Every structure is written in structure tokens, then in C-alpha cells.
Amino acid sequence: MPEGPEIRRAADRLAAAVAGQPLLRAEFAFPALKRFERTLPGSRILSITPRGKALLTAFDNGWTLYTHNQLYGVWHVAGPGERPDTSRSLRVALETRRASILLYSASDIEFWRSDEIEAHPFLQGLGPDVLDMALDAATVAARLQSPAFRGRALGALLLDQGFLAGLGNYLRAEVLFDAGLHPTQRPRDLDAAQTARLAEALLRIPRLSYATRGIEPTRGMRADYLARDGEAFRFRVFQRDGEPCERCGTPLERIASQSRPLFLCPRCQPARAPQ
């Protein structure tokens, strides 16, 4: 599943294609949304905003389209009237004179009144977004040590969108390695310096990924990254099991955590007895 940086890059790309333009046509696969095929043309897209792993497409007629890609959904940008050659099922098509944006394979799609969208159950359950530049490390550190989260294992906590929105499996691995922490450790096990280091990594690494990468990682892309201002995001542990740790040379390992693969250095991130 794409993580926060990839979702935000997708939102940027979609907004660049159609924001501010009047819609010519709208198409929806689900019967409950068909009425918007008649009412949306002529309206303009005001913004396309990521919230965690969801997108909110706001129109100037007072409606907002909520979409969540889940595991299989994918957005495409195409020319007006164009459709990619794909076996995927088209769920949403929004077309302007300049471009079309097309959502395939997703099933979590709803329209809400814009002034009520914050009441959406998914949005209600989200924690602060790691790509929200107003969020600072001190706030994250306080959240780590709050009663709701301080007793939970980091391997599970960092996948919980109610803790921080936008984190996922590759970011979890990279953050824990950067902070030198094992996934079985809990915030209450950490001293002040460790908490501060983890809080800083929870913001810096996703933001660096968004700024310099913006694509979902796969094997074969380990050393492929885009530099910006002398700094770049790269995978230091994710999908690098068996390779030497860049810090100590110990072979990196792959373990299971929350039924997901997690990659770490057993020497730099030793398991510790609970306190």
C-alpha cells in the first residue's frame, strides 16, 4: 500500500492536472454516486488534499469526494476522454478540457458535504499527519509518551494511523533503524534522548521521502534515489536483508511484525527486556 509521501505526491500530480478547471464530465461506477454525474459538470475542483492515506477532492459546489485507495486503488492522469489500456475497473473519472483524472480498482468512495467532511469516521480516527509542516518533534515526543500510546510496542504503534497518519511499512523500518530502536520496545522503555531522536525521525524521514522520492519502493530500487540540496531519501534497511548494515557491517535481517515484514540491524537495534 502506498504510504503518506506517495499519497501526497499523487495528490500534487492530480491537482496540477485539473484543479481550478470546470468539469466537463464526471463518471462513477457505483449506483449511489450516479446522481453526481449530472450535478458535478460545470463545477470546479478547488483542491485535492491527502489525509493520511485518503484523498479529499473538494468542489466549489459544496461537495467533497472522499476516496481511499486501500490495497489496490490507483489514480491515473490522462488526456481528455482518454482511458489507459488496463484490465482494472474504472471507479471514478473526472474530466476537464485539459485532462482527466481516473481512479481504478478502489471501493472506498463517498461524497460528503464539504462542511461535514471532518465527521467522516476515517478522518475522525486519524492522528496528526507526519507531512503536516505545522507538526513539530516536541508534539510527537509528547504523543509518544501519552497514556494512549506509551505502552504499545513500536512495531505496532508506527503502523497505527491513529497515532500518526501517513506512516507505513517502509517508513516504519527506516524510522526505527534511524533511531536505533527495536520494534518490541515501547515508548515507556525510552529515555528522554531516545524519545527525542525517535520523534525527530518520525517527521524527518517521511518528509525527506516526499521531497526527494515520491514513489513506492520495490526491490531493484534500493540504491535509486533523487538528490535534493545534498540530501536524499534512500533505503538503509528496507528490503535489504542479508546485506551489510551501513553502520556496523552486520547482515541486516527480516523479521515479522504485525504480520508484515520488517527489516532491521540486529546489532544496531538490539531487542531489550521490557522495563
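Me: What percentage of the contacts in the protein chain with a separation of 6 or more comes from residues 24 or more positions apart?
Reply: This is a predicted model, where local features need pLDDT of at least 70, side-chain atom pairs count only at pLDDT 80 or more, and totals for chains, interfaces and linings use all residues. Residues are numbered from 1 along each chain as its sequence is written, and side-chain values use heavy atoms, without hydrogens and water. A contact means heavy atoms within 4.5 Å. Among contacts with a separation of 6 or more, the share from residues 24 or more positions apart is 60%.

Me: What is the average pLDDT of the protein chain?
Reply: pLDDT is the predictor's confidence in each residue, from 0 to 100. In this chain 92% of the residues score at least 70, and the average is 91.

Me: Over which residues does pLDDT stay under 50?
Reply: Where pLDDT is low, the predicted coordinates should not be read in detail. The stretch in question has 33 contacts beyond four places in sequence in the model. Its pLDDT stays under 50 over residues 214-229.

Me: How many helices and strands does the protein chain have, and what is its radius of gyration?
Reply: Helices (H or I, at least four residues) and strands (E, at least two) are DSSP runs, numbered from the N terminus. The chain has seven helices and ten strands. The globule rule (2.2 Å times the number of residues to the power 0.38, with the radius taken over C-alpha atoms) gives 19 Å for 275 residues, so the chain is as compact as a globular protein of that length, with a radius of gyration of 20 Å.

Me: Which residues does Asp 108 touch, not counting those up to four places away in sequence?
Reply: Asp 108 belongs to strand β8, residues 108-113. Its C-alpha lies 29 Å from that of Ala 153, 45 residues apart in sequence. The residues that Asp 108 touches are Tyr 66, Thr 67, His 68 and Gln 70.

Me: Is Ser 105 buried or partly exposed?
Reply: Ser 105 sits in the loop between β7 (100-104) and β8, and its phi is positive, near 75°. Most residues other than glycine have a negative phi. Buried means under 20% relative accessible area, exposed over 50%, and partly exposed in between (1.4 Å probe, protein chains only). Ser 105 has 23% relative accessibility, so it counts as partly exposed.

Me: Is Gln 239 buried or exposed?
Reply: Gln 239 is placed in the loop between α7 (192-212) and β9 (253-257). Although not a glycine, Gln 239 has a positive phi of about 60°. Its relative accessibility is 17%, so Gln 239 counts as buried.
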